[in-house]
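User: Let us go through the terms used for this model one by one. For each, please set the value against its criterion.

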Amino acid sequence: MEFLKNNYEKVILSVVLLGLAVAAVLLLTWVGNEKRALEEIEQGIIQVPPKPLKPVDLSTNEMVLQRLVKASNLRLSGDHNLFNPVQWQRMPDGRLIPLRTGREIGAGALSVIHITPLYLKIEYEGAGGSGDVLQYRFRVTREAEKTPSKRIPTTLSVTGAGQKNPVFILKDLKPKVEPAEFSLEMVEDKEVVAVAKDKPHVSVAGYSADLKYDPERLTFMGKRVGDSLVFAGETNKIVAITSTNVTVQATSTKRTTVPYTPAP
């Protein structure tokens with residue numbers, strides 16, 4: 001007891017130091033255990049495959065982008081009725097037709113049903129006559145003539161080179177005796193054509209047209225250049241016909257060309 005009384009401070013210090021030494025050893029052990037536990041947790045996190053993320057729904061964004069790419073243009077002209085109210089036209093039969101483009105009535109509504117070529121045909125019929133004068137006969141058909149009586153096939157004759165009739169002048173013939181080939185110059189346009197015994201001359205001299213006007217349910221058949229068409233309260237005259245179109249001229253001098261599209 002005397003020893004403890006004299007050295008109690010040293011004893012207490014020794015106990016404290018011993019406790020600290022034990023605590024230090026335990027701390028090292030605890031740190032090692034915690035480190036191993038953390039490593040196990042880390043390995044568990046790394047090795048477990050992550051769950052795939054759900055795809056993000058971008059449909060609304062894509063719709064907005066599409067609307068930007070294919071933006072609608074604001075039309076303030078054309079066939080809408082906000083700023084351009086449609087005018088309606090009453091037909092003679094009581095029907096109402098909307099006038100959206102301006103071509104629903106008048107010459108713009110005229111259409112071509114069919115275009116027929118009109119031919120000039122010259123055929124050699126043979127020679128005839130009395131005495132020393134021979135007449136070379138030709139059968140002439142002029143479908144494009146304005147006068148109907150002149151469209152009938154007619155036999156015309158000439159007696160030799162340089163001779164003429166109302167349609168052509170005989171320019172040359174081969175051979176001179178019993179000729180088989182003839183060179184003819186047309187009186188109207190000075191065109192020179194060839195005619196042989198077995199080869200008549202055939203050429204397109206004009207066209208006739210069949211037309212219709214749907215707003216008034218009118219048809220115009222076999223019309224030629226110079227004929228008049230009455231529709232929409234106005235007279236239109238045909239001024240030209242080709243194989244692809246018909247041109248009409250109103251009394252107001254306005255011309256309209258109507259295209260022709262043959263049926264397939």
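User: Why is Phe-138 called buried?

Analyst: This is a predicted model, in which local features need pLDDT of at least 70, side-chain atom pairs count only at pLDDT 80 or more, and totals for chains, interfaces and linings use all residues. Residues are numbered from 1 along each chain as its sequence is written, and side-chain values use heavy atoms, with hydrogens and water left out. A residue counts as buried under 20% relative accessible area, as exposed over 50%, and as partly exposed in between (1.4 Å probe, protein chains only). Phe-138 has a relative accessible area of 0%, so the residue is buried. Phe-168, likewise with 0%, is therefore buried.

User: What makes Phe-138 and Phe-168 an aromatic pair, and which geometry does the pair have?

Analyst: The structure holds seven aromatic pairs. Phe-138 and Phe-168 form one of them, with 5.3 Å centre to centre and 80 degrees between the planes. Rings of Phe, Tyr and Trp (its six-membered ring) pair if their centres lie within 6.5 Å; planes under 30 degrees apart are stacked, those over 60 edge-to-face, and the rest tilted. The pair of Phe-138 and Phe-168 is therefore edge-to-face. Phe-138 lies in strand β4 (residues 135-142) and Phe-168 in strand β6 (residues 168-174), so this pair ties together parts that are 30 residues apart in sequence. Strands are DSSP runs of E with at least two residues, helices are runs of H or I with at least four, and both are numbered from the N terminus. Ring pairs also link Phe-138 and Phe-168 into a cluster with Tyr-124, Tyr-136 and Phe-182.

User: How do you know which geometry the pair of Phe-220 and Phe-231 has?

Analyst: The two rings are 6.3 Å apart, centre to centre, with 55 degrees between the planes. That angle is in neither the stacked nor the edge-to-face range, so the pair is tilted. Phe-220 is in strand β10 (residues 218-223) and Phe-231 in strand β11 (residues 228-231), so the pair ties together parts that are 11 residues apart in sequence. Phe-220 is buried at a relative accessible area of 10%, and Phe-231 is buried at 1%.

User: Is Asn-236 buried or exposed, and what is in contact with Asn-236?

Analyst: Asn-236, found in strand β12 (residues 234-241), has a relative accessible area of 3%, so the residue is buried. Contact means heavy atoms within 4.5 Å. Leaving aside neighbours within four places in sequence, the contacts of Asn-236 include Ala-107, Phe-231, Val-248 and Gln-249.

User: How do you know that β12 and β13 pair?

Analyst: Two strands pair if DSSP finds at least two bridges between them. Five bridges join β12 to strand β13 (residues 245-250), and the two run antiparallel; the criterion is therefore met. Ile-238 stands opposite Val-248 in β13. The two strands form a hairpin with three residues between them. β13 also pairs in the antiparallel sense with strand β14 (residues 255-259), over five bridges, and there Gln-249 stands opposite Arg-255. The hairpin of β13 and β14 has four residues between the strands, and Thr-253 takes a positive phi near 70 degrees in it.

User: Which backbone values stand out in the loop between β6 and β7?

Analyst: Pro-175 has its place in this loop, and the peptide bond from Lys-174 to Pro-175 is cis, with omega near -20 degrees. Glu-178, in the loop between β6 and β7 as well, has a positive phi of about 50 degrees although it is not a glycine. Glu-178 has a relative accessible area of 67%, so the residue is exposed.

User: Why is Ala-232 called partly exposed?

Analyst: Ala-232 has 37% relative accessibility, between the two cut-offs, so the residue counts as partly exposed. Its place is in the loop between β11 and β12, and its phi is near 55 degrees, a positive value in a residue other than glycine.

User: How much of the protein chain is made up of buried residues?

Analyst: Buried residues make up 23% of the 264 residues. The chain has two helices and 14 strands.
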